[in-house]
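Let's take a walk through this structure together, starting with the empty space inside and then moving on to how some helices pack.

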Amino acid sequence: MHFDLADLRIFVHVAEARSLTAGAQRAHLSTAAVSGRVKSLEAQLESRLFYRSSQGVELTPAGERLLQHAHLILRQVERVKSEFSGYASDAAGHLRIFANTTAVIEFMPEVLADFLAARPGITVDLQERMTSDIVRGVLDGTADMGILGIMVGVEVPSRLKTLPFSQDRLVLATPLDHPLAEREEVTYEDALDYPHVTLHEGSTLFHYLEMKALELGKPLPVRIQVFGFESACRMIEAGVGVGIIPESCALRYRGHMRLSVRHLSDAWAYRERSILIRDDHALPGFGQELLDIITQYQSAPPLSPAQRTPSRP
C-alpha cells in the first residue's frame, strides 16, 4: 500500500461532508481530482469506501473503519509537528476537546483562560457535545480528550482511560414560595408536574433530562429555554418555572439570588466529572499540562442543608 497523508485528508473531507463536491471544496481541489484520489485509495486498500448516489456518498463498513484510523493518523501527525516545532520556537500546537454543557459553560472557560494566556502559541477547539458523541470522538481520534459527567448506569469503553477529577450532582432549583421548596428532597418525577426552565435544545443537559422524562412516561414541560445557568436561575427566581441544574452552579447563584435548592433523590442525579483520553502518553506536552490542570480543578463544595434555602424576610 502506497497511499499518502494527502489521500487520507481528502478521504476525511469527503467522509465528513458526505459529498465528493463538498469534500473537494474543503480540499481546494476539483471534484474530478478528488474522485480520482478516492478511487486510487479504494484500489490500494482493495475495499469500497463509499456508497455513491445522487444525494451524495455514504461510508461503507470499510470506510467507517478507515475513517477511525485516518483521524488517529492525522492527529498524531499534527502532534509530531507541534512537538518538534516547539524546539525551534515558542511552543505551538492545537487541541480539540469535546465536553458536556456544564464543562463548556461553567469551568472550562476559567481553566482555559489562564492556560492559554500563558501559552500564546497554543489553540484549543472546545466543542459542546452529547455524551455519546464525546465517547465516540475520543475513541475514533476526532477529539484529543473528552470532559463529561459520568452518571450511574453510564458505561465507558475499556479502551478509554477515565480520569475522575471532581464530583457534582443535579439539583432542583425553585422559587422560594414553590410547593416543592418545602420538601427536604424531591424526585425528578415530582418536578415534572411543574413548568421547567431549561437550557437550549442543543445542550447535553437538555437532551439528558428529556430522555429521563420520557423514561418516566412524561414529557419535559418546557416553559422557556435559555443559553446559560445564570439566565436559568434568574428565570427561576422570578417564578417562571423550576429547573434542574448542577449543584455547583446552585451554590454560586444561590449566594445572590432568592432560590430554594433541593437534592434530587434519583440515583442518576449524582455525577462524577471525568476526563476521557485514549492514551495520555500520546498527548503532546502542552496537552499533558492541560490534563494536569483540569484534574486538579476543584468545584465548589456541596450545599449544606442550611444553604439550600435562604431565610425569608
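The largest cavity in this predicted model has a volume of about 80 Å³. Who lines it? Walk around the wall and you'll meet H196, V197, T198, L199, L205, F206, L209, A232, G243, I244 and I245. Three elements, β8 (196-199), α8 (204-215) and β10 (243-246), each put at least two residues into that lining. Which of them gives the most? That's β8, with four residues. Sort the lining of this largest cavity by class and you get eight nonpolar, three polar and no charged residues.

How many cavities of 30 Å³ or more are there? The count comes to two, so let's turn to the other one. The second largest cavity has a volume of about 30 Å³. Around it sit N100, T102, A103, F107, I147, L148, G149, R271 and R273. Here α5 (101-117), β5 (145-151) and β12 (270-277) each supply at least two residues of the lining. Charge does turn up in this wall: the lining of the second largest cavity splits into four nonpolar, three polar and two charged residues.

Now for the helices. Two packed helices are described by the angle between their axes and the distance between the axes, and that's how we'll go through three pairs.

Keep your eye on α5, which we just met as a supplier to the second largest cavity's lining. Helix α5 also packs against helix α11 (residues 285-295), at an angle of about 135 degrees and with the axes 11 Å apart. That angle makes α5 oblique to α11. As for handedness, α5 passes α11 in a right-handed crossing. On the α5 side, the residues in play are M108, V111, L112 and F115, and they meet F286, E289, L290, I293 and I294 of α11. What's the mix by class in the contact of α5 with α11? There are eight nonpolar residues, no polar ones and one charged.

Next, head over to the N-terminal end of the numbering, where helix α1 (residues 5-17) and α2 have axes that come within 8 Å and cross at roughly 130 degrees. That makes α1 oblique to α2. The crossing of α1 and α2 is right-handed. From α1, the contact uses I10, H13, V14, E16 and A17, while α2 brings L20, A22, G23, R26 and A27. By class, this contact of α1 with α2 has six nonpolar, two polar and two charged residues.

Helix α2 (residues 20-27) has another partner to look at, helix α3 (residues 31-45). How do their axes cross? They come within 8 Å of each other, at roughly 100 degrees. Crossing angles from 65 to 115 degrees count as roughly perpendicular, and α2 and α3 are therefore roughly perpendicular to each other. The α2 residues that make this contact are L20, T21 and A24, and those of α3 are T31, V34, S35 and V38. L20 is worth a second look in the viewer: it's in the α2 contact with α1, and it's in the one with α3 too. By class, the contact of α2 with α3 has four nonpolar, three polar and no charged residues.

How values were computed. Residues numbered from 1 in each chain as written. Predicted model: local features only at pLDDT ≥ 70, side-chain atom pairs only at ≥ 80, totals over all residues. Heavy atoms only, no water. Axes fitted to C-alpha atoms, helices over the stretch in contact; angles between N-to-C directions. Parallel < 35°, antiparallel > 145°, perpendicular 65-115°, else oblique. Contact = heavy atoms within 4.5 Å. Nonpolar A, V, L, I, M, F, W, Y, C, P; charged D, E, K, R; others polar. 1 Å grid on protein atoms, 1.4 Å probe; cavity = no way out; pocket = protein on both sides within 12 Å on 5 of 7 lines; lining within 4 Å. Points joined across faces, edges and corners; volume = space filled by probe spheres on them. Left-handed = near helix turned anticlockwise from the far one by under 90°.
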